[in-house]
Amino acid sequence: MRDKSLTLGAEPYRSHLQQIIASFHDHRGRVLIAAHRGDWRLAPENSLAAIQYSIVAGADLIEIDVQRTADGQLVLMHDETVDRMTNGSGRVAEMTLEQLRALRLRQHQGGHDQRLTNYMIPTLEEVMILARDKVMINLDKCWAWRDDVYAVLLRTDTVAQTVFKSTAEPEEVHSFLNHKPQKPLYMHILDDSNEHHVERIGECCEMVRLEAVEICFEQENSRLLQPSLLQRIQQYGCRLWVNTMWDSLCGGHSELHGAEGWEWQLQHGFNMIQTDNAVMLRRYLDEQ
């Protein structure tokens with residue numbers, strides 16, 4: 001269910017989106033704020049309402065998680081099961097869209113102690129229609145069905161405002177991006193699973209034509225945080241994305257410690273910050 005009090009027309013947001021996209025393509029542009037699963041403090045994570053609230057709050061990007069159903073439909077859900085976020089149980093991949101639509105989302109980040117809402121699990125197409133001409137979208141959890149996702153972006157005319165990401169080998173990424181009617185935006189993820197890409201970062205940037213790199217590092221002394229690596233990435237015209245929701249994603253310097261976490265990340269050159277507190281981060285950046 002959509003919160004009709006927050007249903008948004010595109011016109012007031014269209015010029016703002018163009019400014020966001022221009023900043024995204026300027027690797028030395030202003031810091032961009034990414035809302036993690038929408039504003040789940042006000043509505044269930046990955047719900048239409050959470051996305052609407054994030055748009056109203058002025059997020060530059062909204063990170064969403066995409067799963068595929070048993071009948072090939074694309075829906076928003078972080079987990080592979082619906083257990084945490086709904087009044088049902090089972091794997092998304094083993095349920096049809098009709099079965100999923102019969103469920104209701106739990107408030108905030110779910111769990112059996114959270115009350116049920118009237119919100120349903122949204123489809124990716126519904127989300128992209130809502131976001132069209134208003135905000136950039138960052139796609140997570142969906143690399144395995146990227147071609148199906150891309151078809152939705154084409155159908156909803158949202159390719160230019162939507163960012164794919166993965167830890168895949170550069171050759172696989174290049175194969176996906178190449179020869180598309182509209183070239184998708186892409187951000188590469190560097191984490192413990194693909195540290196060998198550090199040696200290939202120049203090749204990756206050139207082959208894939210990266211727009212940004214997301215770096216997940218558990219410790220301050222991580223190989224992925226070497227100044228020489230970060231500088232090289234920036235020299236290729238890429239933005240640097242960091243996740244500050246909890247310590248294990250950003251070397252212990254998360255937003256759980258207040259603005260000090262954001263300050264540390266900015267000092268290390270990160271200029272795209274994913275957060276669970278988009279309003280507070282906006283206020284902090286404005287004060288700077």
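Start by selecting helix H2 and whatever touches its buried residues: the cover includes helix H1 (11–25), strand E1 (32–36), strand E2 (61–68), strand E3 (74–76) and helix H4 (124–131). Keep in mind that you're looking at a predicted model. H2 itself runs over residues 48–57, and seven of its 10 residues are buried, so the rest of the structure largely encloses it. To see them, pick Leu48, Ala49, Ala50, Ile51, Gln52, Ser54 and Ile55. Step off the end of H2 and you land on Gly58, where phi is positive, near 90°.

Next, jump to strand E7, residues 212–215. Which side chains sit on each side of E7? Ala212 and Glu214 are on one side, Val213 and Ile215 on the other, and all are buried, which leaves both faces covered. The alternation is what you'd expect: in a regular strand, side chains alternate between the two faces of the sheet.

Now bring in the strands that pair with E7. Show E6 (residues 185–190): E6 and E7 run parallel and share four bridges, with Leu190 partnered to Ile215. Add helix H7 (residues 201–208) and you have a right-handed β-α-β unit made of E6, H7 and E7. Then show E8 (residues 239–243), which pairs with E7 in the parallel sense over three bridges; here Glu214 has Trp241 as its bridge partner. With helix H8 (residues 227–235) switched on, E7, H8 and E8 make a right-handed β-α-β unit too.

Time for the rings. Searching the whole structure turns up seven aromatic pairs. Select Phe217 and Trp264 for a tilted one, 6.3 Å centre to centre with 35° between the planes. This pair links distant parts of the chain, 47 residues apart: Phe217 is in the loop between E7 and H8, Trp264 in helix H9 (residues 259–267). Phe217 counts as buried because its relative accessibility is 0%; Trp264, at 12%, counts as buried as well.

Stay on H9 and pick Trp262 together with Tyr284. Their rings are also tilted, 5.8 Å centre to centre and 40° between the planes. Since Trp262 lies in H9 and Tyr284 in helix H10 (residues 278–287), the pair ties together parts 22 residues apart in sequence. Both Trp262 and Tyr284 are buried.

For the last stop, select Trp143, Tyr150, Phe164, Phe176 and Tyr186, which form one aromatic cluster. Then add Lys180 and look at Tyr150: Lys180 lies over the face of that ring, 5.6 Å from its centre.

Terms used. Residues numbered from 1 in each chain as written. Predicted model: local features only at pLDDT ≥ 70, side-chain atom pairs only at ≥ 80, totals over all residues. Heavy atoms only, no water. Buried < 20%, exposed > 50% of the residue type's maximum accessible area, 1.4 Å probe, protein only. Helix = DSSP H or I, 4+ residues; strand = E, 2+ residues; numbered from the N terminus. Pairing = 2+ DSSP bridges. Right-handed = clockwise from strand over helix to strand, strands pointing away. Contact = heavy atoms within 4.5 Å. Phe/Tyr/Trp six-rings, centres within 6.5 Å; stacked < 30°, edge-to-face > 60°. Lys NZ or Arg CZ within 6 Å of the ring centre and 35° of its normal.
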